[in-house]
Amino acid sequence: MTHAVYRPAPGHSVTVPPPADPISSPPIDTERVAELIGQLLSALGEDPDRAGLAGTPNRVASWYAEFLSPDASAVATCFTESHLGEQMVVVGGMSVWSLCEHHMLPMHLEILAGYVPAGEVVGLSKFGRIAQRYAGRLQVQERFTRQVADEISGVIGGKDVAVAVRGTHLCMSMRGVRMEDARTTTLHTGGRFRSDPVLSQQFLTLATGQWRAA
Ligand SMILES: [Zn+2]
């Protein structure tokens, strides 16, 4: 089995435009966030008025506002698409940044999605948008994996979907040198990926192969 096929070829990345159908979420009160960041700095024993921190509350607030906006042009680099006979389409090489809801620290999520086409093959940029949409919010990796899988199911109109996500969580990486390389892998499978061991094994082999080679 040639894992290399599933790695993004150099120059094969594209930047996915913001989703055309942004989901609605309550507006972010940027001014209030800035005020609270100022208070947080004080509570952390800092002097929010010192030169280096003068613009920090506003910078942090606008960063949050941008990152947590569903139509933000957050990173969504893609991908490689491959067909395994007529059985399975695999989309790999996607990665996004999200925020862990337990620590409000970044997590980097690499995504591999597989599906069995019910007829039409879904366009690649669609996958990037789906990943991006669920990344730009406070998240946990398990929920992200399920949400991406559910949305792909909706798009293809079938349940034969598998999504594997490998996450690097700064809340873990920052705790000590030993944890620096820690990765968390989550998997969500549906339909034939759950009932057909051969298909599910093929998908898992691809995922591990791609990530071992990365
Ligand atoms: Zn965390």
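# A guided tour, starting at V161

Select V161 first: this residue lies in strand 7. Keep in mind as you look around that the model is predicted. Is V161 buried or exposed? With 25 other C-beta atoms within 10 Å, V161 is buried, because 20 or more is the cut-off for that label.

Now show the residues around V161. Not counting residues up to four places away in sequence, V161 touches Y115, A149, I152, S153, I156, G190, G191 and F193. Add R194 to your selection as well. V161 and R194 are 33 residues apart in sequence, and their C-alpha atoms are 9.0 Å apart in space.

**Stop 2: strand 7 and its partners**

Widen the selection to the whole of strand 7, residues 161-169. This strand is mostly covered, with eight of its nine residues buried.

Which strands pair with strand 7? One is strand 5 (residues 106-115), which pairs with strand 7 in the antiparallel sense over nine bridges. Another is strand 8 (residues 184-189), and here the pairing with strand 7 is antiparallel too, over six bridges.

To see the pairing up close, pick out some facing residues. E110 stands opposite R166 in strand 7. G114 stands opposite A162 in strand 7. Stay on A162 and look towards strand 8, where A162 stands opposite T189. A162 therefore faces G114 and also T189, as DSSP bridges define the pairing of strands.

While you have strands on screen, here is a handy rule: in a regular strand the side chains alternate between the two faces of the sheet.

**Stop 3: strand 5 and the turn before it**

Next, select strand 5. It is mostly covered, and eight of its 10 residues are buried. Strand 5 also pairs with strand 4 in the antiparallel sense, over nine bridges. Find S95: its bridge partner in strand 5 is E110. You have met E110 already, as the residue opposite R166 in strand 7.

Now follow the chain to M104, in the loop between strand 4 (88-100) and strand 5. Strand 4 and strand 5 form a hairpin with five residues between the strands. What is notable about the phi of M104? It is near 55°, a positive value in a residue other than glycine. For background, most residues other than glycine have a negative phi. M104 is exposed, with 10 other C-beta atoms within 10 Å.

**Stop 4: helix 3 against helix 4**

Time for some helices. Select helix 3, residues 124-135. How far apart are the end C-alpha atoms of its 12 residues? They are 17 Å apart, which agrees with the 16 Å that the helix should span at 1.5 Å a residue. Colour the buried residues of helix 3: F127, G128, I130, A131, Q132, R133, Y134 and A135.

Add helix 4 (residues 141-156), which packs against helix 3 at an angle of about 140°, with the axes 10 Å apart. That angle makes helix 3 oblique to helix 4. On the helix 3 side the contact is made by K126, I130, A131, Y134 and A135, and on the helix 4 side by F144, Q147, V148, E151, I152 and V155. Helix 3 passes helix 4 in a right-handed crossing. I152 is a familiar name, being one of the residues that V161 touches.

**Stop 5: helix 1 against helix 2**

Move to T30, which is found in helix 1 (residues 30-43). T30 is partly exposed, with 16 other C-beta atoms within 10 Å. Leaving aside its neighbours within four places in sequence, T30 is in contact with A61, S62 and A65. Select W63 too: its C-alpha atom is separated from that of T30 by 9.3 Å, although the two are 33 residues apart along the chain.

Show helix 2, residues 56-67, beside helix 1. The two pack at an angle of about 130°, with their axes 8 Å apart. That makes helix 1 oblique to helix 2. Helix 1 passes helix 2 in a right-handed crossing. T30, V33, A34, I37, G38 and L41 in helix 1 meet a set of helix 2 residues, among them P57, V60, A61 and Y64.

**Last stop: the whole chain**

Zoom out. The secondary structure of the chain comes to seven helices and eight strands. Of the 214 residues in the chain, 29% are buried. Among contacts between residues at least 6 apart in sequence, 68% join residues at least 24 apart.

How values were computed: Residues are numbered from 1 along each chain as its sequence is written. This is a predicted model: local features need pLDDT of at least 70, side-chain atom pairs count only at pLDDT 80 or more; totals for chains, interfaces and linings use all residues. Helices (H or I, at least four residues) and strands (E, at least two) are DSSP runs, numbered from the N terminus. The expected span of a helix is 1.5 Å times one less than its number of residues. A residue is buried if 20 or more other C-beta atoms lie within 10 Å of its own, exposed if 12 or fewer, and partly exposed in between; C-beta atoms are placed from the backbone. Two strands pair if DSSP finds at least two bridges between them. Axes are lines fitted to C-alpha atoms, for helices over the stretch in contact, and angles run from 0 to 180 degrees between N-to-C directions. Angles under 35 degrees count as roughly parallel, over 145 as roughly antiparallel, 65 to 115 as roughly perpendicular and the rest as oblique. A crossing is left-handed if the near helix is turned anticlockwise from the far one by less than a right angle, and right-handed if clockwise. Two residues are in contact if their C-beta atoms, placed from the backbone, lie within 7 Å.
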